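Hi,

Here is the structure I said I would pass on. Have a look at it first, and then read my notes below.

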Amino acid sequence: MLIAGFPAGAWGTNCYLVAPAAGEECVIIDPGHQAAQGVADALEKHRLKPVAVVLTHGHIDHVASVVPVCGAHDVPAWIHPRDRYMMSDPEKALGRSIGMPLMGELTVGEPDDVRELADGARLELAGMEFGVAHAPGHTKGSVTFRMPEAADVPQVLFSGDLLFAGSVGRTDLPGGDHAELLESLARVCLPLDDSTVVLSGHGPQTTIGRERASNPYLHGLDTAPRRGM
């Protein structure tokens, strides 16, 4: 499996391109602020053909490049219905203006083809499977994407802004709820095997085992028995 990631834009939001291998179809995760050129560079470098964009949530730092990226490749965007409004109204999602100079750089709105994610769905895209888990707390429509272990590649969790290395997502913006975030962490993240690689919306990669042992926000959370995909 090929995963090419890079931090983009003013918020350093991680955008990921995922494919079975170089030269094949791929899925783009969270093309945020100023991510379009980075996406184009990665597609050329690895000779990839996009088939879909999938979004962990609707905040502008994760969706700002959805319209140009989807438009350039004629692909759909997948988002949870509770965050869909954020693509067209990013300031409402933040509860304040994000600033006119920055707004002038953005293409606000929906791409031509928007499809809605559901908890427990399994997306079959580019020959790969993505398990969808609704994980509210950072936003009402936050989700994670989980890929099963395969051919000596560990299970991977794209956690969006739910779980970071050493921290968790903020809950002080509209739709945020700290208790809900903790419940999502306990339900979605902690049951996973320690070897699960976590690729989050900001910062470096980590593993479930590392966060279970050292992340202060996870200590004391109740969890179900660990499980695989």
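One term before anything else: a residue is called buried when its relative accessible area is under 20%, exposed when that is over 50%, and partly exposed in between. With that in hand, take strand β9: 5 of its 5 residues are buried, so the strand is largely enclosed by the rest of the structure. The cover is on both faces, with Val 143, Phe 145 and Met 147 buried on one side and Thr 144 and Arg 146 buried on the other.

Please keep in mind that this is a predicted model. Mean pLDDT for the protein chain is 91, and 90% of the residues reach 70 or more. The stretch to be careful with is 225–229, where pLDDT is below 50, although the model still gives this stretch 22 contacts beyond near neighbours in sequence.

Now the overall picture. The protein chain has 229 residues, 53% of which count as buried. Its secondary structure comes to 7 helices and 14 strands. About 9600 Å² of the chain is exposed, and carbon and sulfur atoms supply 50% of that area. If you take the contacts with a separation of 6 or more, 63% of them are between residues 24 or more positions apart.

Back to β9 and its partners. Which strands does it pair with? On one hand there is β8, which pairs with β9 in the antiparallel sense over 4 bridges. Gly 131 has Arg 146 in β9 as its bridge partner. On the other hand there is β10 (residues 156–160), again antiparallel to β9, this time over 3 bridges. Here Phe 145 is matched with Phe 158 in β10.

The loop between β8 (128–134) and β9 (143–147) is worth a stop too, as it holds Thr 139. Is Thr 139 buried or exposed? Its relative accessibility is 1%, so Thr 139 counts as buried. Its side chain makes a polar contact of 2.6 Å with the side chain of Asp 83. Leaving aside residues up to four places away in sequence, Thr 139 touches His 57, His 59, Asp 83, Met 86 and Gly 175.

Next, a sheet. Six strands form an open sheet with mixed pairing, in the order β1-β2-β3-β4-β5-β6. At the edges are β1 (2–8) and β6 (114–116), each of which pairs on one side only. From one strand to the next, the twist averages 25°. As general background, strands of a sheet pair through backbone hydrogen bonds, either parallel or antiparallel. Within this sheet, β3 (residues 25–29) and β4 (residues 49–54) run parallel and are joined by 5 bridges. If you want a spot to click on, Val 27 stands opposite Ala 52 in β4. Helix α3 (residues 66–73) lies across β3, β4 and β5 (77–79), and runs at about 145° to β4.

One last place to look is Gly 203, in the loop between β13 (197–200) and β14 (206–207). How exposed is Gly 203? At 43% relative accessibility, this glycine counts as partly exposed. Pro 7 is 196 residues away from Gly 203 along the chain, yet their C-alpha atoms are separated by 8.3 Å.

That's what I have for now. Over to you!

Cheers

Key
Residues numbered from 1 in each chain as written. Predicted model: local features only at pLDDT ≥ 70, side-chain atom pairs only at ≥ 80, totals over all residues. Heavy atoms only, no water. Helix = DSSP H or I, 4+ residues; strand = E, 2+ residues; numbered from the N terminus. Buried < 20%, exposed > 50% of the residue type's maximum accessible area, 1.4 Å probe, protein only. Contact = heavy atoms within 4.5 Å. Areas by Shrake-Rupley, 256 points an atom, 1.4 Å probe, with all protein chains shown as cover. Polar contact = N/O pair within 3.5 Å; in protein donor to acceptor, adjacent residues only side chain to side chain. pLDDT = per-residue confidence, 0-100. Pairing = 2+ DSSP bridges. Axes fitted to C-alpha atoms, helices over the stretch in contact; angles between N-to-C directions.
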